[in-house]
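Trainee: I would like to learn how to read the features of a protein model. Could we go through one step by step?

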Amino acid sequence: MNYIVLDFEWNNAYNYAAKKFTNDIIEIGAIKLDKNLNIVDTFKQLVKPDGFKKLSNRCKNLTNITNDEIKENGISFKQAISDFARWSDGDNSVFLSWSNSDLYVLTDNYFYAYGNMNVGFIKRYCDAQKYCMSFLDNPGGNQIALSKCAEMMDIDISNQVLHRALEDCYVTAECLKKVFDAKSFDNFVVECDSRFFERLMFKPYYINEPKNEYFDLDKVEIKCPDCGCITDRVDKFKFFNNTFKGAVKCPKCKKTYWAFVRAKKTYDNVNIKISTTQMNRKRARKLDNSNKSK
């Protein structure tokens, strides 16, 4: 079993071929660790994307990669990722990166190059950031940058040039070594089938129609916050600010409430959040009179 620590540098620019802004990988870096976390090999390759001709100023300032470097030493993404796949020996490896943002960018580039999201050579994956953070005192639960994690673990990175792919891999590996435990690590490893990559790329969204194949507002039960009884709808629900808002009345308490229903579609299901606030008496009486006159 090997561990492949990978990192990508990418350039955010307008991709004229895709006709949108994209994060195009410009450098692949990786180190291969054996079962004892000893470095046995490294991989480094500049990538020449098809979608743009020049790097953004932000990318050049962050990575110190130049347009001339890309032009002279870069190869196509397809060739680079094919070389990386052969080198990594994915069937016998667990891949790691600092947060899954690298995996997201890889999947996006892979889809643009091959027309599908299934990065087949990656069979197993672990988010090194999430794993290392599980050992740190981080009350807020916020994500920790790689350099901050190294600092918290007393790892000297003064000689490392961060934001270059291979150098970031070395720092990630050092953080991993500080806390590695085979049993706990296995709990963070996920199997990467096609659904894994589809789920990774899926962008959750708020449902704005009262009824579709995933959601039916009429079937949502809204309970009275006082007695728990299922309320009755007494006014038509309207949609704004990603929320359905309408009036409901408790048949037991006879209280009228504004109800707020927010439905968010994720890859696997629909997450529904419901909240209520009691309607003022004047507005409630006016609504009752209006309903009686219909």
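## Reading the model

Mentor: Lys177 counts as partly exposed, at 33% relative accessibility. Lys177 belongs to helix H7. Keep in mind that this is a predicted model.

Trainee: How far apart are Lys177 and Asn36 in sequence and in space?

Mentor: Sequence distance and spatial distance are two separate readings. Lys177 and Asn36 are 141 residues apart along the sequence, and their C-alpha atoms are 9.3 Å apart in space.

Trainee: Let us turn to salt bridges. How many salt bridges does the structure hold?

Mentor: A salt bridge needs a side-chain nitrogen of Lys or Arg within 4 Å of a carboxyl oxygen of Asp or Glu. The structure holds 8 salt bridges. One of them joins the side chains of Arg164 and Glu27, with N to O at 2.9 Å. Arg164 sits in the loop between H6 and H7 and Glu27 in strand S2, so this pair ties together parts that are 137 residues apart in sequence.

Trainee: Are Arg164 and Glu27 buried or exposed?

Mentor: Both Arg164 and Glu27 are buried. Buried means under 20% relative accessible area.

Trainee: Where do Lys148 and Glu151 lie?

Mentor: Both lie in helix H6, 3 residues apart, which is about one turn of the helix. The side chains of Lys148 and Glu151 meet in a salt bridge, at 3.7 Å from N to O. Lys148 is partly exposed, with a relative accessible area of 38%. Glu151 is exposed, because its relative accessible area is 53% and exposed means over 50%.

Trainee: Which residue forms a salt bridge with Asp288?

Mentor: Lys249 does, and the closest N and O atoms of the two are 3.3 Å apart. The pair links distant parts of the chain: Asp288 is in helix H10 (residues 281–292) and Lys249 in strand S10 (residues 243–249), 39 residues apart.

Trainee: Which residues are linked in a network of salt bridges?

Mentor: Arg195, Arg199 and Asp268 are linked in such a network.

Trainee: Now pockets. How much space lies in the largest pocket?

Mentor: For a pocket, read the volume, then the lining. The largest pocket holds about 500 Å³ of space. It is lined by 22 residues, and Glu9, Trp10, Leu62, His163 and Asp168 are the closest to its centre.

Trainee: Which elements each supply at least two residues of that lining of the largest pocket?

Mentor: Strand S1 (2–15), helix H1 (57–63), helix H4 (101–114), helix H6 (146–152) and helix H7 (165–179) each do so. The largest share, 6 residues, comes from S1. By residue type, the lining of the largest pocket divides into 8 nonpolar, 9 polar and 5 charged.

Trainee: What lines the second largest pocket?

Mentor: The second largest pocket has about 360 Å³ of space. Its lining has 18 residues, and Lys20, Tyr104, Asp108, Phe111 and Met201 lie nearest its centre. Strand S2 (20–33), H4 and helix H9 (194–201) each supply at least two lining residues of this second largest pocket. H4 gives the largest share of that lining, 6 residues. The lining of the second largest pocket divides into 9 nonpolar, 4 polar and 5 charged residues.

Trainee: Let us look at the surface. Which residues form a nonpolar patch there?

Mentor: Tyr14, Tyr16 and Phe21 form a nonpolar patch on the surface, and together they have about 390 Å² of accessible area. Of these residues, Phe21 lies in strand S2. Phe21 counts as exposed, at 59% relative accessibility.

Trainee: My last topic is backbone angles. What is the phi of Leu37?

Mentor: Start with the general idea. Most residues other than glycine have a negative phi. Leu37 is not a glycine, yet has a positive phi of about 65 degrees. Leu37 is in the loop between S2 and strand S3 (39–46). At 6% relative accessibility, Leu37 counts as buried.

Trainee: Where is Asn64 found, and is Asn64 buried or exposed?

Mentor: Asn64 is found in the loop between H1 and helix H2 (67–73). Asn64 is exposed, with a relative accessible area of 52%. The phi of Asn64 is near 65 degrees, a positive value in a residue other than glycine.

Terms used. Residues are numbered from 1 along each chain as its sequence is written. This is a predicted model: local features need pLDDT of at least 70, side-chain atom pairs count only at pLDDT 80 or more; totals for chains, interfaces and linings use all residues. Side-chain values use heavy atoms; hydrogens and water are left out. On a 1 Å grid over the protein atoms alone, a cavity is a set of points where a 1.4 Å probe fits but cannot get out, and a pocket is an open set with protein on both sides within 12 Å along at least five of seven lines; lining residues have an atom within 4 Å of a point. Grid points are joined across faces, edges and corners, and a volume is the space filled by probe spheres set on the points. Helices (H or I, at least four residues) and strands (E, at least two) are DSSP runs, numbered from the N terminus. Ala, Val, Leu, Ile, Met, Phe, Trp, Tyr, Cys and Pro count as nonpolar, Asp, Glu, Lys and Arg as charged, and the others, Gly among them, as polar. Patches are made of residues with over 30% relative accessible area and no salt bridge: like charges are joined within 9 Å, nonpolar side chains (Val, Leu, Ile, Met, Phe, Trp, Tyr) within 5 Å. Accessible areas come from the Shrake-Rupley method with a 1.4 Å probe; for residues, only the protein chains shown count as cover. Buried means under 20% relative accessible area, exposed over 50%, partly exposed in between (1.4 Å probe, protein chains only).
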